[in-house]
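Reader: Hi! I've got a model open on my screen and would love a hand reading its fold. Could we go through it together?

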Amino acid sequence: MADRIADPWGERTPYGPGQTWPARVDLHLAEGVEEADVDRWVQSASILHSNGDAMDIAVKDGRIVGVRGRAEDRVNRGRLGPKDLYGWQANNSPDRLTRPLIRQDGRLVETDWDTAMGRIVHRSRELLEGPGGWGHFGFYTSGQLFLEDYYTLGLIGKAGLGNPHMDGNTRLCTATAAAALKASFGTDGQPGSYTDVDHCDTIAVWGHNPAETQAVLWMRMLDRRSGPNPPALLAVDPRSTPVAREADVHLAPRTGTNQALLNGLLREIIQRGWCDDTYLAAHTIGFDELSRVVDACPIDRVAGICDLKAADIERAAEVIGTAGRLLSTVLQGFYQSNQATAASCQINNLHLVRGQLGRPGAGVYQMNGQPTAQNTRETGADGDLPGLRNWDNPDHIRELAELWNVDDLTIPHWSPPTHALQIWRYAEQGSIKLLWISATNPAVSLPDLARIRRILAQPELLVVVQDLFLTETAELADVVLPAATWGEKTGTFTNADRTVHLSEKAVDPPGEARADLDIFLDYARRMDFRNRDGEPLIGWTTPEEAFEAWKWCSAGRPCDYTAITYERLRGGSGIQWGGERLYTDGVFNTDPGYCETYGQDLSTGAEFTAEQYRAKEPAGRAFLHAADYQPSPEVPSGDFPLLLTTGRTIYQFHTRTKTGRAPELDAAAPDVWVELHPDDAARYGITEGDLVNISSPRGGIEARARLGGIRLGVVFVPFHYGYFDVDPAGRRPRAANELTVTAWDPVSKQPIFKVAAVRIAKLAGPEG
Ligand SMILES: Nc1nc2c(c(=O)[nH]1)N[C@H]1C(S)=C(S)[C@@H](COP(=O)(O)OP(=O)(O)OC[C@H]3O[C@@H](n4cnc5c(=O)[nH]c(N)nc54)[C@H](O)[C@@H]3O)O[C@H]1N2
Ligand SMILES: Nc1nc2c(c(=O)[nH]1)N[C@H]1C(S)=C(S)[C@@H](COP(=O)(O)OP(=O)(O)OC[C@H]3O[C@@H](n4cnc5c(=O)[nH]c(N)nc54)[C@H](O)[C@@H]3O)O[C@H]1N2
Ligand SMILES: [Mo]
């Protein structure tokens, strides 16, 4: 077993264009356990990112003792990244929640399920029967549950309570992926396939650090880069990430200026005649407006805004403009920035104007982050309607009402669904009085944490937290429900290239912990939700039954699961919905009766009406959207002269509830740090390893300085570090989100985690 902390990507298996990616099976077992000792291998896939790496879970004496990649799977061909090799150890952690907790006289005390659920149901009924009814409920869920859990939760919210205040932490994560796909192509759904890496001649990586965040996808890219006829690589990232260091062209723009850069690149591509005019004419609308808007962004203006060299921008334009098979991947450097949807649509535009879609090697990944975020979106647990339906289309509402046998008017569709930050605002203002948080840790992951803690602590707000551990959020809850997780429950989930995997229960959960599906079903039963015929609203009790019910809901929609069964998912590879690539015929999902949205103005977020949309006569063509550059809502000023950006390290996952409990991973990145340019460091008298204070208008944190690897004027702080392994007496503020700003993209409503203004000061030397 290799040391995949020191060498995260392992050995290269080079291959050439059009060849099959060779298999390489990665394995890690607990110390002292040999492959021959394993009692059972149970099929699953990764739950620590959206790549969907297939693996088998090793079970011995009723406990998880390791994992092994599945060579037969199309996604990873046996490979696993460091988080997957070591992260399963969190399941066995001695501090798992094993019994429900409720708050009594200010303290959380252990109780039984009847008491805990009774408290939630009692309050629910009281609220439902009083003035304001369903308006008092808020659900804040995740991108880490299973499809079956989300579909059930969505049904409880939409048809049980008739409530629009449901969203996932997916709002923080991939709301922009969904928004950009809907805006350009008509519906959600990734056009590309991971096999595009096998065929492309150029890879462009936009605000994405796959080396650290999708290690197996990066292995695939590296294997192509080390084989014959390797693809060219362009990286756009203000830091010199491993991707940037490998790239042939690296642009390090000032954070928050993606839209300006893309306008410049598009202008150059149009002017140099690199468009595919036939494709443009047949399959797109909006080219004249796009040309007009980007015309205002000549390269020198862009170079000024982004603080880049004009020659470098020209080189990047040439790489993209002359690519024969262009693969793009976009993630948080775009999605968590200002003008997130506009800038991400510009990547779609690049592909549309160049006719680089729907062919092997020509694809876009509007990436996902969390392992099951795709399902949150598809099933409507993010507030969207299930099956990628359009909340503003009465026919879509009618389909759901018939399927669920409820009144059309029960299903919320009088306005767009309430987005996460708005749900928190309602809780702050007191109109939401019951906030049910499942599988997310907002007391570390939302912006402006001082405010989030204040909201969670409000006495009138009943906070329910459903988690594996007593997280920073659970500590502030009124009811804590102990959940089973991956390996302890069965269900399906869909990765970023639409590959569906089945994850089977391998072991029993600890103590009285219960599967999320069972918790939601228990609530529905106790609330006695019924359909129009007086039958129970939810007619299933097992994951497989939930999956079968979902298939009916997805039928005829882009994410049609009807051909997939648990049985077909067993044994072989995961299966993509929609086939290998979408839009191979250049016909997009923009028909008014089929599309998921009537669209929004990309600069303001204003919604278009059905009439306005129909007037565009999309007729299956994709939209080219345009928007001029606008600066971020918070930019550096005298008091706060530096730009803060935040993100990830390969060794930790989010708020570390899992990776922080895996010794190898935690030892590799045990505490927060701040990355800064050596010249900035010199200006503030900071040297490597110093303890520094970083503060914004919202709060301050302390972190050790690391010099290098980032552009001048920008500092980077990983957002993983809350408190769980810190003695309450020794807690010091260290979460990046003490600093970040409450502001979001007007279209996707995704928060701007990547751009804020801070100042920095030395507190002590490396020893202090
Ligand atoms: N190891 C690990 N892997 C993960 C996760 C994890 O926590 N740890 N989380 C998973 C999840 S949920 C997600 S969403 C993904 C996220 O995956 P990524 O998006 O790859 O991760 P981030 O580090 O958040 O951001 C990516 C890059 O954006 C750059 N960036 C910052 N500001 C800007 C900007 O203004 N413009 C541009 N062009 N770039 C900018 C940052 O320097 C950073 O390198 O990772 C998934 N995989
Ligand atoms: N500053 C800054 N902030 C960010 C980001 C950033 O880049 N910068 N990125 C944002 C992004 S992209 C994301 S995705 C979020 C992530 O933020 P969070 O969702 O808050 O992060 P996690 O630590 O993954 O929290 C998931 C919780 O679910 C629990 N859990 C895991 N599995 C299960 C299960 O099966 N059932 C139940 N009930 N619980 C489970 C875990 O123990 C954990 O407490 O953070 C966002 N916040
Ligand atoms: Mo995410």
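Author: Happy to: we can take the overall build, then some sheets, then some helix contacts. One thing up front is that this is a predicted model.

Reader: Good to know. How many helices and strands are there in the protein chain?

Author: The protein chain has 27 helices and 27 strands.

Reader: And what is the radius of gyration of the protein chain, set against the globule rule?

Author: The radius of gyration is 25 Å, and the globule rule gives 27 Å for 768 residues. Those two values are close, so the chain is as compact as a globular protein of that length. As for its extent, the C-alpha trace spans about 70 × 65 × 60 Å along the principal axes.

Reader: Nice. Now sheets: what order do the strands take in the open sheet of four?

Author: The order there is 1-4-3-2, with antiparallel pairing. Strand 1 (27–29) and strand 2 (40–45) are at the edges and have a single partner strand each, so one side of each lacks a neighbour in the sheet. From one strand to the next, the twist averages 25°.

Reader: How many bridges join strand 1 to strand 4?

Author: Three bridges, and the two strands run antiparallel, with strand 4 covering residues 63–69. If you want a spot to zoom in on, Leu-27 stands opposite Arg-68 in strand 4.

Reader: There's an open sheet of five strands too. Is its pairing parallel or antiparallel?

Author: That sheet has parallel pairing, and its strand order is 11-10-9-13-14. Strand 11 (249–251) and strand 14 (363–366) are the edge strands, each pairing on one side only. Here the twist averages 10° from one strand to the next.

Reader: Which strand pairs with strand 11?

Author: Strand 10, residues 232–236, pairs with strand 11 in the parallel sense over three bridges. Within that pair, Val-236 stands opposite Leu-251 in strand 11.

Reader: Switching to helices. At roughly what angle do helix 3 and helix 22 cross?

Author: Their axes cross at roughly 20° and come within 9 Å of each other; helix 3 is residues 147–161 and helix 22 is residues 516–527. Angles under 35 degrees count as roughly parallel, and helix 3 and helix 22 are therefore roughly parallel to each other. Helix 3 passes helix 22 in a left-handed crossing.

Reader: Which residues make the contact?

Author: On helix 3 the contact uses Glu-148, Asp-149, Thr-152, Leu-153 and Ile-156. Helix 22 brings Asp-516, Leu-517, Phe-520, Leu-521, Tyr-523 and Ala-524. By class, the contact of helix 3 with helix 22 has seven nonpolar, one polar and three charged residues.

Reader: Last one: what about helix 19 and helix 21, how do their axes cross?

Author: The axes of helix 19 (residues 420–429) and helix 21 (residues 449–456) come within 9 Å and cross at roughly 55°. Helix 19 and helix 21 are therefore oblique to each other. Helix 19 passes helix 21 in a left-handed crossing.

Reader: And which residues meet there?

Author: Trp-424, Arg-425, Ala-427 and Glu-428 of helix 19 meet Arg-451, Ile-452, Ile-455 and Leu-456 of helix 21. That contact has five nonpolar, no polar and three charged residues.

Terms used
Residues are numbered from 1 along each chain as its sequence is written. Chains are lettered from A and ligands numbered from 1 in the order in which they are written. This is a predicted model: local features need pLDDT of at least 70, side-chain atom pairs count only at pLDDT 80 or more; totals for chains, interfaces and linings use all residues. Side-chain values use heavy atoms; hydrogens and water are left out. Axes are lines fitted to C-alpha atoms, for helices over the stretch in contact, and angles run from 0 to 180 degrees between N-to-C directions. Angles under 35 degrees count as roughly parallel, over 145 as roughly antiparallel, 65 to 115 as roughly perpendicular and the rest as oblique. A crossing is left-handed if the near helix is turned anticlockwise from the far one by less than a right angle, and right-handed if clockwise. Contact means heavy atoms within 4.5 Å. Ala, Val, Leu, Ile, Met, Phe, Trp, Tyr, Cys and Pro count as nonpolar, Asp, Glu, Lys and Arg as charged, and the others, Gly among them, as polar. Two strands pair if DSSP finds at least two bridges between them. The radius of gyration is taken over C-alpha atoms; the globule rule is 2.2 Å times the number of residues to the power 0.38.
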